[in-house]
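Here's a quick tour of some side chains and one helix. Have the structure open as you read.

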Amino acid sequence: MSAGAGIAAEVKDALAEAARDTGDGALEGVIVRRGAASGPSYDPTYGPDEEYVCTCLFAGFTLKEREAGPVEQGDVKLMIAADGLDIEPKTDDRVRVGSETYQIKEVMPLNPGGVVIYWTVRAGK
């Protein structure tokens with residue numbers, strides 16, 4: 001295991017621990033990706049959605065983020081652990097946490113040394 005992969009695993013454990021310690025409980029999220037398209041480009045048919053389980057933690061937006069960016073009413077900020085997730089979240093994806101599903105609007109990786117440790121995701125209804 002590379003040093004970066006080891007750090008990513010530690011971050012995943014820390015996110016789960018932080019969620020438990022703040023009273024939210026360990027959060028298991030699901031990245032939902034639309035299935036592959038087939039048929040003509042003007043009328044594609046999509047296969048079943050693909051789902052990828054992830055460890056995540058709700059985080060708050062800073063005042064600076066709210067003032068500088070496109071944060072809208074109802075948006076949430078999630079930290080999604082890279083360790084154990086086979087895909088990189090994209091803005092075409094949705095994320096389900098509990099009974100709530102959000103459209104991913106922005107994805108920002110934390111990748112020191114070229115190894116993604118986690119993604120910060122802004123998502124909304």
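## Charges over rings

Keep in mind that this is a predicted model. Start with Tyr102: the charged end of Lys125 sits over its ring, 4.9 Å from the centre. Tyr46 has a charged partner too, with Arg34 lying over its face at 4.0 Å from the ring centre.

What about rings pairing with rings? The number of aromatic pairs in the structure is zero.

## The cysteines

How many disulfides does a search of the whole structure find? The answer is zero. Cys54 is in no disulfide, and the nearest cysteine sulfur, that of Cys56, is 4.8 Å away. Cys56 is likewise in no disulfide, with the sulfur of Cys54 as its nearest cysteine sulfur at 4.8 Å. A disulfide needs the two sulfur atoms within 2.5 Å, so this pair doesn't make the cut.

Are these two buried or exposed? Cys54 is buried, at a relative accessible area of 4%, and Cys56 is buried as well, at 1%.

## Helix α1

Helix α1 covers residues 3-21, which makes 19 residues. At 1.5 Å a residue α1 should span 27 Å, and its end C-alpha atoms are 27 Å apart, so the expected span and the model agree.

Which residues of α1 are buried? They are Gly4, Gly6, Ala8, Ala9, Val11, Leu15, Ala16 and Ala19. And what covers them? The cover includes the strands β1 (27-33), β4 (50-59), β5 (76-81) and β8 (118-124).

Conventions. Residues numbered from 1 in each chain as written. Predicted model: local features only at pLDDT ≥ 70, side-chain atom pairs only at ≥ 80, totals over all residues. Heavy atoms only, no water. Phe/Tyr/Trp six-rings, centres within 6.5 Å; stacked < 30°, edge-to-face > 60°. Lys NZ or Arg CZ within 6 Å of the ring centre and 35° of its normal. Buried < 20%, exposed > 50% of the residue type's maximum accessible area, 1.4 Å probe, protein only. Helix = DSSP H or I, 4+ residues; strand = E, 2+ residues; numbered from the N terminus. Expected span 1.5 Å × (residues − 1). Contact = heavy atoms within 4.5 Å.
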